[in-house]
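Open the model in your viewer and keep the selection panel handy. We will walk from one stop to the next, with a note on what to look for at each.

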Amino acid sequence: MSLFDYTLKQLQDKLHNKEITVSDLVAESYNRINAVDDQVKAFLTLDEEKAKARAEELDKQDGDARSLLYGLPIGIKDNIVTKGLRTTCASQFLDNFTDPLYDATVVEKLQKENTVTIGKLNMDEFAMGSSNENSSYSATRNPWNTDYVPGGSSGGSAAAVAAKEVFFSLGSDTGGSIRQPAAFCGVVGSKPTYGLVSRFGLVAFASSLDQIGPITRTVEDNAHLLQAIVGHDPMDATSADIEIPDYTETLDQGVKGLKIAVPSEYLSEGVNPEVKQAVLEALKVYEDLGATWEEVSLPHSRYAVAAYYLLSSSEASANLARFDGVRYGVRSQQADNMMDMFKRSRSEGFGDEVKRRIMLGTFALSSGYYDAYYKKAQKVRTLIKNDFEKVFEDYDVIVGPTTPTPAFKVGEIIDDPLTMYTNDILTIPVNLAGVPGMSVPCGFSSDGLPIGLQIIGKHFDEATMLRTAYAFEQATDHHKKQPELGGAN
Amino acid sequence: MSNISKEQVRHVAHLARLAISEEEVEKMTKQLDDIIHYAESLNELNTDDVEPTTHVLDLKNVMRKDEPGKWIEKEDALKNAPDKQDGQFRVPSILE
């Protein structure tokens with residue numbers, strides 16, 4: 001039994017009653033990492049010395065009026081900047097970026113809650129990928145079966161939580177990068193409404209789509225971690241200045257009378273039969289709980305992947321222009337003039353997928369092609385956004401699978417970019433519309449791999465989304481099943 | 001619709017400040033061509049009367065007060081630089 005099998009509230013009680021210390025929790029993390037991370041490969045950088053010192057400090061502090069997250073070990077995706085702690089985005093370009101100058105706003109917020117940062121988590125390079133195979137270090141493996149991918153791009157964040165290397169983690173989601181790995185690894189991951197969580201200190205991939213979000217073992221823990229990181233931030237001009245509700249207060253209000261929309265496009269022939277079956281069973285659970293569901297249409301869903309790749313790659317090509325080998329990062333030693341230095345540094349530092357997307361984006365934004373590709377994709381984005389708004393006029397949430405299939409094998413589709421892209425076909429529309437979405441465990445394939453249920457809410461209605469997820473989780477046992485990794489279980 | 005040529009790929013690589021080998025040009029031409037063809041499925045949709053969405057939230061320009069504030073110190077800014085000299089970033093020659 002791991003200390004991380006307890007919920008956040010149970011751990012706080014144990015800390016309060018002095019049954020355990022923060023140092024015990026932090027030791028639990030590193031012991032588990034030492035036992036299993038050579039198989040899982042979730043971590044890129046550990047911060048053991050500082051984390052242990054911080055734990056000792058926290059153990060000395062007065063126990064009253066503590067935050068609910070007090071002393072809990074957290075892992076941070078490696079595209080979220082941490083002051084003085086190496087931040088690579090899993091790219092060779094930032095291999096030497098060992099001394100970042102500031103903390104991302106979310107990291108600052110977590111420090112106020114007194115969580116303990118254990119280390120930085122593996123990902124697809126610059127968050128571009130759906131399998132973690134694009135990490136320029138080593139590909140993270142799925143804790144349920146290490147022949148399989150953990151999903152991506154927040155594969156390290158999901159795998160570390162599933163393998164109980166940390167209590168919870170932060171990921172980022174541009175087209176499904178929290179929800180898809182959460183589904184593949186059998187954990188709970190949510191992507192908040194665009195603008196709810198500050199992006200300050202998140203290394204930008206596609207600025208109009210990126211959001212940071214929590215990955216946890218339970219829905220309740222997810223609500224608590226989300227609560228800690230939301231809020232307006234003057235350092236992010238796209239941060240929303242809205243009143244924040246208490247997400248945990250309404251969690252247990254049930255789903256009686258809740259109106260669920262199920263897009264027919266999300267249960268079409270491209271969806272694996274076992275995944276479809278698990279989702280239909282989940283809908284039965286909701287019926288039993290007093291909710292109703294009906295099939296609806298999101299007619300432009302099939303265009304979402306194409307629109308997404310044009311838009312996200314265009315934004316990425318602009319965002320990644322900052323990696324020039326002048327101010328930070330690795331510089332090519334081969335160059336004898338400035339232009340040559342830019343080109344060689346970038347070519348040596350970036351991996352294939354990153355280069356491919358920079359090329360696609362640069363093409364879509366280039367003179368003569370802008371209207372045909374970039375602007376066209378922006379217009380299609382409007383149609384996709386309208387699809388969601390129309391459904392939400394009559395329904396409270398949208399429910400479907402998170403991914404068309406369970407996890408695939410390492411190496412299976414890495415050489416086929418288009419097939420890899422269609423993996424995110426059910427998560428991408430959510431980012432284009434800017435609405436919140438999350439994945440909760442809803443069953444297992446015959447191969448024993450987890451299946452995720454996706455719950456999508458209205459803009460800034462995380463409370464209803466989380467309540468819907470919580471009701472399902474409380475009525476089922478899927479989240480209680482554990483991966484059997486070698487090591488100290 | 002259009003097919004991507006190797007010449008275009010070389011031009012785009014230059015715009016993107018990427019040095020790519022002939023072998024990569026070959027591979028990239030094929031891959032970009034596939035992706036662009038896939039993206040052209042968007043042309044099935046008539047979007048003549050549709051406004052583009054650049055941003056999902058209805059945000060106006062966000063201004064802050066024009067006041068000097070403290071930001072990163074020069075030594076800190078130079079800390080992660082691959083090459084520096086006399087308090088400045090050092091780069092290879094810009095002019096031939």
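A residue is called buried here when its relative accessible area is under 20%. Keep in mind throughout that this is a predicted model.

**Stop 1: a covered helix**

Select residues 155-162 of chain A, which form helix α5. This helix is mostly covered, with 8 of its 8 residues buried. Show them as sticks and you will find Gly155(A), Gly156(A), Ser157(A), Ala158(A), Ala159(A), Ala160(A), Val161(A) and Ala162(A). Next, click on Lys164(A), which follows α5(A) and has a positive phi, near 60 degrees.

**Stop 2: a loop residue**

Now go to Asn134(A), found in the loop between β3 (116-121) and α5 of chain A. Is Asn134(A) buried or exposed? Its relative accessibility is 18%, and the cut-off is 20%, so Asn134(A) counts as buried. Leaving aside residues up to four places away in sequence, Asn134(A) touches Asp124(A), Glu125(A), Met128(A), Gly129(A), Glu353(A) and Ile414(A). Keep Met128(A) and Gly129(A) selected, since both belong to the lining at one of the next stops.

**Stop 3: enclosed spaces**

Rolling a probe the size of a water molecule over the atoms shows where empty space is left. How many cavities of 30 Å³ or more are there? The count comes to 3.

Begin with the largest cavity, whose volume is about 70 Å³. To outline it, select Trp144(A), Ala162(A), Cys185(A), Gly186(A), Val187(A), Arg217(A), His479(A), Lys481(A), Gln482(A) and Pro483(A). Coloured by type, this lining gives 5 nonpolar, 3 polar and 2 charged residues. You have already met Ala162(A), one of the buried residues of α5(A).

Move on to the second largest cavity, with a volume of about 60 Å³. Besides Met128(A) and Gly129(A), its lining includes Ala127(A), Ser130(A), Gly152(A), Gly175(A), Ser177(A), Phe205(A), Tyr308(A), Tyr309(A), Arg357(A) and Asp424(A). Here the lining divides into 5 nonpolar, 5 polar and 2 charged residues.

**Stop 4: a cysteine in a strand**

Select Cys442(A), which lies in strand β10 (residues 437-444) of chain A. Cys442(A) is buried, at 4% relative accessible area. Draw a distance from its C-alpha atom to that of Gly186(A): the separation is 8.4 Å, although the two residues are 256 residues apart along the chain. Gly186(A) is also part of the lining of the largest cavity. Beyond residues up to four places away in sequence, the contacts of Cys442(A) are Ala278(A), Ile451(A), Gly452(A), Leu453(A), Phe472(A) and His478(A).

**Stop 5: two packed helices**

Show α11 (residues 352-365) and α12 (residues 370-394) of chain A as cartoons. At what angle do these helices pack? The angle is about 110 degrees, with the axes 7 Å apart. The range from 65 to 115 degrees counts as roughly perpendicular, so that is how α11(A) and α12(A) are described. At the contact, Phe363(A), Ala364(A) and Leu365(A) of α11(A) meet Tyr370(A), Tyr373(A) and Tyr374(A) of α12(A). These contact residues divide into 6 nonpolar, no polar and no charged.

**Last stop: the largest pocket**

Finish at the largest pocket, which has a volume of about 680 Å³. Centre the view on Val81(A), Tyr102(A), Val203(A), Arg322(A) and Tyr328(A), the closest to its centre of the 26 lining residues. The full lining divides into 16 nonpolar, 5 polar and 5 charged residues.

Terms used: Residues numbered from 1 in each chain as written. Chains lettered and ligands numbered in written order. Predicted model: local features only at pLDDT ≥ 70, side-chain atom pairs only at ≥ 80, totals over all residues. Heavy atoms only, no water. 1 Å grid on protein atoms, 1.4 Å probe; cavity = no way out; pocket = protein on both sides within 12 Å on 5 of 7 lines; lining within 4 Å. Points joined across faces, edges and corners; volume = space filled by probe spheres on them. Nonpolar A, V, L, I, M, F, W, Y, C, P; charged D, E, K, R; others polar. Buried < 20%, exposed > 50% of the residue type's maximum accessible area, 1.4 Å probe, protein only. Helix = DSSP H or I, 4+ residues; strand = E, 2+ residues; numbered from the N terminus. Axes fitted to C-alpha atoms, helices over the stretch in contact; angles between N-to-C directions. Parallel < 35°, antiparallel > 145°, perpendicular 65-115°, else oblique. Contact = heavy atoms within 4.5 Å.
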